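Here is a friendly note to help you find your way around this model. Please keep the viewer open while you read, and take the points in order.

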Amino acid sequence: MITTIPQNTAFKWSYRAYVTLFFMYLALPLVTVCVFAFNNSVFPSLPWEGFTWAWFFGSDAPYTGVFNDRSILRSIVTSGVVAFWVALLAVMVGTSNAFLFVRYDFRGKGLLYILMLLPLIIPGIILGISILVFSSSVANTLEDATGLWFDGLRPGLILVVLGQFSFITTFATLVISARLQKFDTSLEEAALNLGASKWGAIRAVTLPFLYPAMGAAGVVAVLMSFENFNTTLMLVGSDAPLTITMFDRLKLGSTPVLNAVSLLLIVVSAALGLTSLLLQNRKGAD
Amino acid sequence: MTSNRSKLTFWLLMAPLLLWLLLLIILPHVGMFIVSLREKVGVREYETGFANYAVFFNEPLYWNTFARTAYMSISATVLTLLIGFPIAYYIAKLTRGRSKTTLFLMCLIPFWVSELVRTFGWMILLRETGVISNLLQDLGLVSGPVEMLYNDAAIMIGLVYTSMLFMVVPLVTTLDSLDDSLIEAGYDLGGSSVSILREIVIPHALPGIVSGCIVVFMLSLGNYLTPILLGGKDSLWFTGLIYNQFITRFNWELGSAFGFLLLGLSSLIVFVGLKLSGQSLTRTMAQ
Amino acid sequence: MTDTPDLECRAISKSFDDFQAVRDVSFGVPKGTFFSILGPSGCGKTTLLRMIAGFQKPSAGDLLIKGRSVLDVPPNKRPVSMVFQHLALFPMMNIGANVGFGLRQRGVNKTDIKKQVDRVLDRVGLAGVAERPVTSLSGGQKQRVAIARCMVLEPDVLLLDEPLGALDLKLREHMKVELKQLQSEFNTTFVYITHDQSEALVMSDQVAVMNNGVFEQVGSARDLYYAPDTAFVAGFVGEANRFTAKVDTAAAGRLSMTTDQGRPLAGVDAGQGVGVGERVTVFIRPEAVRIARTEKEVASLGNKGQASVTNVLFNGGNSQLILRDEQTGVALNVALPQTGEFRDLAPGDTVHFGWQPDQTRVYREGQP
């Protein structure tokens, strides 16, 4: 069962074979997508017609590469903007939540904590439609009452940001409060003792301690925002983030430009993911 | 440091939390429920009642799809557990140090990549003109292109793939905390691999198993991309129905009712699962 | 009548890459005795124990239990049971299920299991706790459950891996007596490893002192204390003052030497055949030194002198004096008797000291 117990050799090797097969299964779709980003064919499938960089850099239709495909570039920017706002808001609210839950005791704390965790168990699509329905009714009521247009409350980027924010904040709160719990409050007390104000002490001592976790939470937020689909799908308006654009293209059938985009996504996600882990672990030993 | 000052800070910290929860979670869901109670009787005419829910129960298509989604989600959960447990055990108990972290990281990577990319990969592999079909033809095992998409098996492969991380991580965490000396003691007292697994390993890992299963079930139930892309238009997945009602049919009332039913089932399973295993939500989510 | 020893190791060795943890160790443990392996951390005793239990495979040598080789027998089939260092009680079962685990594996039926479990718990003095969870027990009680869990299987040999380490001092002292009593009560062969010499000396019939993978000496507690074979054993078992010296005369094991600081000493060869002119290490136990206020009281002792008290380390029954030898200026640790006449001894006082030559063990220099 463990290394110190003698194991049947046949069993040991079949176990290893199983584990290898498993990791091959894990890697298979990703590798496939990446490989076909270089296929010199108009369809992301066999037969293989030669190696090409066209899907990244090409500019002649139909061999338009990622960097020349206007609509894809635009949706990448859209996704980026959305991710930025979501991450910013989520980290800010997450930090304030972390302080609230770690430092204060109040009636109803348990209930609020559970409420905070709820977005994790609500299916993404439900989060989307509930916000859609709510904002539309609010918009309708306001528009009827004031006669002004409330476009921000109609499907569009603001709603997308809010929709993603609604559950990413929970993650951010969990990550940051985990770190805050490990903080030695006597450091803050020492700062106060040396003459700092309460806010000054927090700024000088506590926040720097939290930065790695806030950074990690931010990175996770960006990742989750970029790849989010279910919630975004229900709230999207005319400007589409990357996942929606890709989905539409997929349904209609597309060129391997999608593979090229995916490869970029894989590389960037892996890099961001590893960064977040390093951020969480490096200073976590403190 | 007057108590007024700290009171102000307290409320300043509370404000974002309350605003977020109220405006983005609580009220929308209440609103969704209210909307689900409205039945479109005529143009701009609404009637309050459970008519939408009645539609759901009376129309076999809706009811069957719901049941099918639940059933397949359960199967996906069981499959993920069976496939993932040996892997988690291997990583937790049979590897050390560098190889352990590497293997663990390798499990995480598919998660960081968008579900769209993952599902896209499976499409390339499984479709008629895809890699596996071509491979089979090249090997002479089939005579023509084989369509492996647009069936339940494909949906299963996709769901298990997407959920694997959420099963493996809690399992590795709990298995890691199992002291090796307990296993050695079991052997020393005459136990066999099977009895040690049954009496020592699995009872110890139960919290991880439960939280993994709950999460995987929830994810599968609420999944949209994987069943639609891999199962095709006739995939009969409940989230697909919801999407249709909202975007194509514009019947927000019925859509809301469906949404609420889905939410209800998902929450019920979570609740039952937690109760059965005696865990609390906070502890489970921390994993 | 030659009794087959319950446990016998023949030339057991174990190497990890290029590190030899256990080197050519051979010994036999007679039936029904308490055998301890005493040694510092890293000496190889844990590796040796795990080889006996079956969790490590020896690189060379043979292992026999009751005369039969068990080298190829996996740990769950060997007639040995082990009490682990942190006890390894199964937290997911109650006490009765823990103790009955081995019986369940053997397929014993439920009623018999319950009977045997209750009986063995009674024997260790924990009647009636079978239904309780493991967490409800104190440290000493958990020890007894761990032993009961092994003993209910009636093993040929019981292995104990430093089980008293986690207990506080008073409990440890109490458990030493208890373990000895349990061993005679069950009359099973116990093999006990520890780095604490008082545990080994108090409980065992035989002790093996282990260092760097080899057994330096095997013998009774008395043998190890009064006649250590090597300098390591002399220094490890009990306290000792060490001096380096040069041999002046040697005859039939009796030696006279002069220490590097100039004190003449008479001592006995510890069996190494030291010759004239060789450099040696001399061991004198603090408790072997008699102190007196007058010279007359130490006149009959072979080694004697006068010293001033530098320090009194009062520790109740373990009190020690640090003396400064007036002849050489060297510090000497001496046990302070509590019989009353030295109660008012203070730093600066003069005392006379002396000890017997045959309590002065001499070893060739250069040993650990």
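1. A good place to begin is chain C, where five strands close into a barrel in the order S11-S12-S13-S20-S14, with mixed pairing. Two strands count as paired if DSSP finds at least two bridges between them. On average, neighbouring strands of this sheet are turned by 50° against each other, direction ignored; the axes behind such angles are lines fitted to C-alpha atoms, for helices over the stretch in contact, and angles run from 0 to 180 degrees between N-to-C directions.

2. A word on the basis of this note: this is a predicted model, in which local features need pLDDT of at least 70 and side-chain atom pairs count only at pLDDT 80 or more, while totals for chains, interfaces and linings use all residues. Residues are numbered from 1 along each chain as its sequence is written, and chains are lettered from A and ligands numbered from 1 in the order in which they are written.

3. Back in the barrel, have a look at one strand pair. Strand S11 (residues 241-251) and strand S12 (residues 254-259) of chain C run antiparallel and are joined by six bridges. Within this pair, Ala250(C) stands opposite Leu255(C) of S12(C).

4. Now for chain C as a whole. It holds nine helices and 20 strands; helices (H or I, at least four residues) and strands (E, at least two) are DSSP runs, numbered from the N terminus. Its C-alpha atoms fill a box of roughly 75 × 45 × 45 Å along the principal axes. Of its 368 residues, 39% count as buried, meaning that 20 or more other C-beta atoms lie within 10 Å of the residue's own (exposed is 12 or fewer, partly exposed in between, with C-beta atoms placed from the backbone).

5. How is chain C divided? The assignment gives domain 1 (7-234) and domain 2 (239-364), with bounds that come from an automatic or database domain assignment. The centres of these two domains of chain C, taken over C-alpha atoms, are separated by 39 Å. Five residues from domain 1 of chain C and seven residues from domain 2 of chain C form the contact, where two residues touch if their C-beta atoms, placed from the backbone, lie within 7 Å.

6. Chain B has 13 helices and two strands. Its radius of gyration is 24 Å, whereas a compact globule of 287 residues would have one near 19 Å; the radius is taken over C-alpha atoms, and the globule rule is 2.2 Å times the number of residues to the power 0.38. Chain B is split into domain 1 (1-34) and domain 2 (60-286), whose C-alpha centres lie 35 Å apart. Buried residues make up 46% of the chain.

7. Where chain B meets chain A, 69 residues from chain B and 69 residues from chain A take part. Helix H1 (residues 3-36) of chain B gives the most to the chain B side, with 15 residues.

8. Finally, zoom in on Met164(B), which is found in helix H7 (residues 152-176) of chain B. Is this residue buried or exposed? Met164(B) is buried, because 24 other C-beta atoms lie within 10 Å. Leaving aside neighbours within four places in sequence, Met164(B) is in contact with Thr80(B) and Gly84(B). Met164(B) and Leu81(B) are 83 residues apart in sequence, yet 8.3 Å apart in space, C-alpha to C-alpha.
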